[in-house]
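Let's take a friendly walk through this structure together. Keep the 3D view open and follow along as we go from single residues to whole chains.

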Amino acid sequence: MSGQLRKSTQPKVHEHTEEIESEPVVQSELSADLESVLDAIDNVLEENAEEFVRSYVQKGGQ
Amino acid sequence: MAVVKVCGIETEYGISVSGADIDPITASSLLVSAYSDASWSRIPFDLSKERPFSDARGVNLDDLRDPEIDYRSLNTVLVNGARYYVDHAHPEYSSPECTSVLQAVAFDLAGDEILRESVLKANHRLPDDVSISVYKNNSDGKGNSYGCHENYLVDRNTPFSYLASCITTHFVTRQVFCGAGKVGNETTHGDFDLFGFQLSQRADFFEEEIGLETTIHRPIVNTRDEPHCDSEKYRRLHVIVGDANISQFATFLKLGTTALILSMIEHGAFPDALFIAHPVSAIKQISRDPTLSTQVLMHDGRRLSALEIQESLIYSVRSFINEYECTALPADEIALIIESWEATINTLRHSPEKLYDRIDWIAKQRLIQAFALRHQLTNGDHRLKAIDLQYHALDTRRSIANRAGLMELVSAEAIRNAVTHPPHDTRAYFRGRVLQKWPNTVVSANWDSMVFDLPNRPLVRIEMNEPLRGTRRLTETLIDTSNTVEELLAQLASNSCSTDSLGL
């Protein structure tokens, strides 16, 4: 099974004392990326958010 | 005793129906039955050996109260070795037993795929304007919670009270990286608001340090003593305190760090001074401070932040791994867990925003803050709670997590494979393969047994008390060379081989 796992995309960690390295993108590119994610959220978010939130009621489980 | 950390995740999914007044038990049943079209998945799960009221502290409440299991509900076993059923008005998927954390992540994601397929098939049967939606979260925001439970095989010889005291420290603080994030606050009494943001979906619901309950007065350490295997050798630690993660990295780190700390506890190597004085209030206090700066009182009088406690745990696990030959998980996986864990805690301390691609609460908070800024929304706006809920939607067209840029650790191919093939290294292999090959002969199956109906014979129960037997290595040839279950059982009995020596 482990052979079927994609090793190349394992967590990008460096030496154990270091922090996780963020993608080398400039601030404007990061913003553009986030802007497109927000556009996507605008498209998929429930139109009547209040009704959606209100009607999402679950029976308690474990 | 060094116990391999056989592990798995059971998830109760949130479920809602639009366009019709269908109760959640019926809707959940529709999902399980829609998926069960194939003959192999009509095999019932055998409930006769379930003991949810047996307490690790030495009491058995089975005789004193009615089991909370709904015997009318649908219970099936799948060819990947998993259990798929209706529990407490939710569809629930319990992954098969795994010996690797990355593998457990793949089988957890396979559960999401199975739910997606169930929804597709069930909605196809419903009128056009009626549809079922499923969410991988743990709260409706109104005081109702449902679980994502982890299970770990642990050494029976480790005193349970010691194990519980030690692991509580991790359970209270690990939410800094495996919290799924939540808009608002709630209580089990039904009080709730939509203000603020916290790390964890579940922290609001924990009222006791230790106990047997799972649906009320939830305890941080659950004492259910139901090993589903050799109870002389093992316990199954049933962990109810965690959030369901969408991020693969978060699931990986949640399982990996917990498995390694449990192994450290089994070796008696847990640090002496790392106990939180008031775990129930601390778990909420930490959850409600996304700045991660809050400090909690320790038994020895110190006040430490969750990050400081996690740093001490990392230091201790590193020392433990250096001192002992730890075989709890594959060696390369142990190294990856510790590296990822340390890098994550370091990054949380200095620049947590960088972790938006691997920690659910950070990914969710980033989108909520940016969305609020774009639309000039104030704290408490319903649209922010809607993003929180829709982050967890399994429908890829509606999922917001799908658009959050989360890192993938497991390939789509590995996930698809995990839907229809069992893991190789545990008894789940035998369960899944036999079910796939002889679906009409298997009457029922459980984690530790299978029952066969053969012509002109009483029902035959095969016990599978050892999670690390029944593996591909031990049983593949046996299954491949048997044309019938009679032949399989004959081979098990022949050559003076008992089922035990053949690996069951």
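His228(B) counts as buried, because 21 C-beta neighbours lie inside 10 Å and the cut-off for that label is 20 or more. Keep in mind that this is a predicted model. You can find His228(B) in the loop between strand 11 and strand 12 (234-239) of chain B. Its phi is near 55°, a positive value in a residue other than glycine.

Now look at another histidine, His217(B). Is His217(B) buried or partly exposed? His217(B) has 13 other C-beta atoms within 10 Å, so it is partly exposed. This residue sits in the loop between strand 10 (206-211) and strand 11 (218-222) of chain B. Its phi is positive too, near 40°, and again the residue is not a glycine.

A glycine with a positive phi can be found in a hairpin. Strand 8 and strand 9 of chain B form this hairpin, with five residues between the strands, and there Gly190(B) has a phi near 95°. Here are the three residues side by side:

| Residue | Phi |
|---|---|
| His217(B) | near 40° |
| His228(B) | near 55° |
| Gly190(B) | near 95° |

**The hairpin and its surroundings**

Stay with the hairpin for a moment. Strand 8 (residues 182-186) and strand 9 (residues 192-198) of chain B run antiparallel and are joined by four bridges. Across the pair, Val183(B) stands opposite Phe197(B). Why is strand 8 of chain B described as largely enclosed by the rest of the structure? Four of its five residues are buried, so the description fits.

Helix 10 of chain B is also mostly covered, with eight of its ten residues buried. Among those buried residues are Leu384(B), Ile387(B) and Leu389(B), and the list also includes Lys385(B) and Asp388(B).

**A small sheet**

Next, find the open sheet that three strands of chain B form in the order 15-16-17, with antiparallel pairing. As general background, strands of a sheet pair through backbone hydrogen bonds, either parallel or antiparallel. In this sheet, strand 15 (442-446) and strand 17 (460-463) of chain B are the edge strands, each pairing on one side only. From one strand to the next, the twist averages 15°.

Strand 15 and strand 16 (residues 449-452) of chain B pair over four bridges in the antiparallel sense. Here Val442(B) stands opposite Phe452(B) of strand 16. Lying across strand 15 and strand 16 is helix 12 (residues 428-437) of chain B, which runs at about 160° to strand 15.

**Two domains in chain B**

Let's zoom out. The domain assignment of chain B gives domain 1 (153-354) and domain 2 (416-493). Their C-alpha centres lie 35 Å apart. How many residues does each domain give to the contact? Domain 1 of chain B gives four residues and domain 2 of chain B gives five. On the side of domain 1 that touches domain 2, two residues are nonpolar, one is polar and one is charged.

**Chain B as a whole**

Chain B holds 14 helices and 17 strands. Its C-alpha trace spans about 70 × 60 × 45 Å along the principal axes. For 504 residues, a compact globule would have a radius of gyration near 23 Å, so the 22 Å of chain B agrees with that expectation. Of those 504 residues, 53% are buried. Among contacts in chain B between residues at least 6 apart in sequence, 71% join residues at least 24 apart.

**Where the chains meet**

Chain A has two helices and zero strands. Of its 62 residues, 19% count as buried. The contact between the chains takes 33 residues from chain A and 61 residues from chain B. Several elements of chain B give two or more residues to this side, including strand 2 (14-18), helix 2 (101-125) and helix 10 (382-391). Which element of chain B gives the largest share? That is helix 8 of chain B, with nine residues. The side of chain B that touches chain A divides into 23 nonpolar, 23 polar and 15 charged residues.

How values were computed
Residues are numbered from 1 along each chain as its sequence is written. Chains are lettered from A and ligands numbered from 1 in the order in which they are written. This is a predicted model: local features need pLDDT of at least 70, side-chain atom pairs count only at pLDDT 80 or more; totals for chains, interfaces and linings use all residues. Domain bounds come from an automatic or database domain assignment. Two residues are in contact if their C-beta atoms, placed from the backbone, lie within 7 Å. Ala, Val, Leu, Ile, Met, Phe, Trp, Tyr, Cys and Pro count as nonpolar, Asp, Glu, Lys and Arg as charged, and the others, Gly among them, as polar. Two strands pair if DSSP finds at least two bridges between them. Axes are lines fitted to C-alpha atoms, for helices over the stretch in contact, and angles run from 0 to 180 degrees between N-to-C directions. The radius of gyration is taken over C-alpha atoms; the globule rule is 2.2 Å times the number of residues to the power 0.38. A residue is buried if 20 or more other C-beta atoms lie within 10 Å of its own, exposed if 12 or fewer, and partly exposed in between; C-beta atoms are placed from the backbone.
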